[in-house]
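Subject: Structure for your attention

Dear colleague,

Please find below the sequence and structure that I would like to hand over to you. My account of what was found in it follows directly after.

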Amino acid sequence: MVNIFAVYKPLLRCVMKLVGMTPQRVEIEPGTIMNFWVPNETPKKSKNSNNNKAVVFIHGFAADGIITWQSQVLALARKYKVYVPDLVFFGGSITDRSEWSPAFQADCVAKGLKKLGVERCTLVGLSYGGMVGFKMAEMYPDLVESMVLTCSAMALTKSISDAALERIGFKSWSDYLLPDSVQGVKVLFDIATFKLPWIPNFIYKHYLEVMFDNRKEREELLEALVIDDKDFTIPSHPQRVHLLWGENDIIFNMEVVNNLKRQLGDRATLQYIEKAGHLVEAERPCVYNKHLKEILTTLLEDGDQTQRSL
């Protein structure tokens, strides 16, 4: 049987091109190449036009950028300048550097966006992508204007990591996020959703065959992700942050997001989506997109007002 995802990916590329998106490989530095989905048109400066607002979607660990964010790109690409990077060791993005930290991923995304002509953007990050987004906002405050974070953390400290692994019943993130069996893929999605619908085993098998390449490198990414609590200090982010969460996320649960909101203070707002787990953007895409559109309208309008007042 032909792998269903091997067929689906080219079809998805065609659909993305119909809404004005195209893939582009960007050399970040010699030996490091990052794949981006970008608007067909290059950014043009124009006042009061949402079409010139850059929205950057950063994916989590379960899939590459366009697979993760396909529903959101289709909903927003005609209104905003949408950019979807594949983080290093996902979706064809590669490096020959022995650097594995979220800071390295953030640096690559930022440099890639600048090479693509993006001067200011709103980041939308899911899970691992949210941690990369927080680091990018810290490192490049002039580039990142605002953020929407979904089911993530400012950093994966050991205390947050240990508590999350205990909730989901795994000893390590590699065991959970890099399954090597059909049952492992099924468990991955069962934990990450509120109510996983029945899916035939061959779908899980096909997903396993095509979605978990660069295993060694991804294992090292996960090892570099967890940091000691004593090594983490809360950065002073100037950006506004909206937390858009799956109410039934058991990986980064309500305790995690409420602590995150307290850490961010008045800069942050929080909104839950009912009957949705960690992969809320895929589990309830219509509801997620509705809230995201409202959030982006508010964030970007506020950004325009701030710019006019300067």
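On the side of helix α10 that is turned away from its buried face sit the exposed residues Lys216 and Glu223. Please bear in mind throughout that this is a predicted model. Helix α10 covers residues 215-225, and its buried residues are Arg218, Leu221, Leu222 and Leu225. Viewed down the axis of α10, these buried residues fall within an arc of 95 degrees, so they line one face of the helix. A general point about helices helps here: an α-helix has 3.6 residues a turn, so residues three or four places apart point the same way.

What lies over the buried residues of α10? The cover includes the helices α4 (102-115), α5 (128-139), α7 (173-177) and α9, together with the strands β8 (156-157) and β9 (226-227).

One residue of α10 may serve as an example. Leu225 lies in this helix, and its relative accessible area is 8%. Because buried means under 20% relative accessible area, Leu225 counts as buried. Apart from its neighbours within four places in sequence, Leu225 is in contact with Pro102, Tyr128, Met131 and Leu156. Leu225 and Met131 are 94 residues apart along the chain, while their C-alpha atoms are separated by 9.0 Å.

Leu11, in helix α1, offers a second example. Is Leu11 buried or exposed? With a relative accessibility of 52%, Leu11 counts as exposed, because the cut-off for exposed is over 50%. Between Leu11 and Glu223 there are 34 Å from C-alpha to C-alpha, and the two are 212 residues apart in sequence.

I turn next to helix α9 and its contacts. In α9 (residues 201-211), the buried residues are Ile203, Tyr204, His206, Tyr207, Leu208 and Met211. What covers them includes α1, α2 (65-68), α8 and α10.

The contact with α8 can be described in some detail. Helix α8 spans residues 182-192, and its axis comes within 9 Å of that of α9, crossing at roughly 95 degrees. The two helices are therefore roughly perpendicular to each other. From α8, the residues Val182, Val185, Lys186 and Phe189 meet Asn201, Tyr204, Lys205, Tyr207 and Leu208 of α9. Sorted by class, this contact of α8 with α9 has six nonpolar, one polar and two charged residues.

The contact with α1 can be set out likewise. The axes of α1 (residues 4-18) and α9 come within 8 Å, with a crossing angle of roughly 65 degrees. Helices α1 and α9 are therefore also described as roughly perpendicular to each other. Here Ile4, Phe5 and Lys9 of α1 meet Ile203, His206, Tyr207, Val210 and Met211 of α9. The residues of this contact of α1 with α9 divide into six nonpolar, one polar and one charged.

Helix α6 (residues 158-168) has the buried residues Ser161, Ala164, Leu165 and Ile168. Seen down the axis of α6, they fall within an arc of 100 degrees, so they line one face of the helix. Their cover includes β8, α7, α8 and β9. After α6 comes Gly169, which has a positive phi, near 80 degrees.

The strands remain to be described. Strands β1 (residues 21-29) and β2 (residues 32-39) pair in the antiparallel sense over eight bridges. Within this pairing, Pro23 stands opposite Trp37 in β2. The hairpin of β1 and β2 has two residues between the strands, and in it Gly31 takes a positive phi near 95 degrees.

Why is strand β10 (residues 240-246) said to be largely enclosed by the rest of the structure? Six of its seven residues are buried, so the description follows. Strand β10 pairs in the parallel sense with β7 (residues 144-150) over four bridges, and it also runs parallel to β11 (residues 268-273), to which six bridges join it. His242 in β10 appears in both pairings: Val148 stands opposite His242, and in β11 the bridge partner of His242 is Thr269.

Yours sincerely

Definitions and conventions
Residues are numbered from 1 along each chain as its sequence is written. This is a predicted model: local features need pLDDT of at least 70, side-chain atom pairs count only at pLDDT 80 or more; totals for chains, interfaces and linings use all residues. Side-chain values use heavy atoms; hydrogens and water are left out. Axes are lines fitted to C-alpha atoms, for helices over the stretch in contact, and angles run from 0 to 180 degrees between N-to-C directions. Angles under 35 degrees count as roughly parallel, over 145 as roughly antiparallel, 65 to 115 as roughly perpendicular and the rest as oblique. Contact means heavy atoms within 4.5 Å. Ala, Val, Leu, Ile, Met, Phe, Trp, Tyr, Cys and Pro count as nonpolar, Asp, Glu, Lys and Arg as charged, and the others, Gly among them, as polar. Buried means under 20% relative accessible area, exposed over 50%, partly exposed in between (1.4 Å probe, protein chains only). The arc is that of the directions from the helix axis to the C-beta atoms. Two strands pair if DSSP finds at least two bridges between them.
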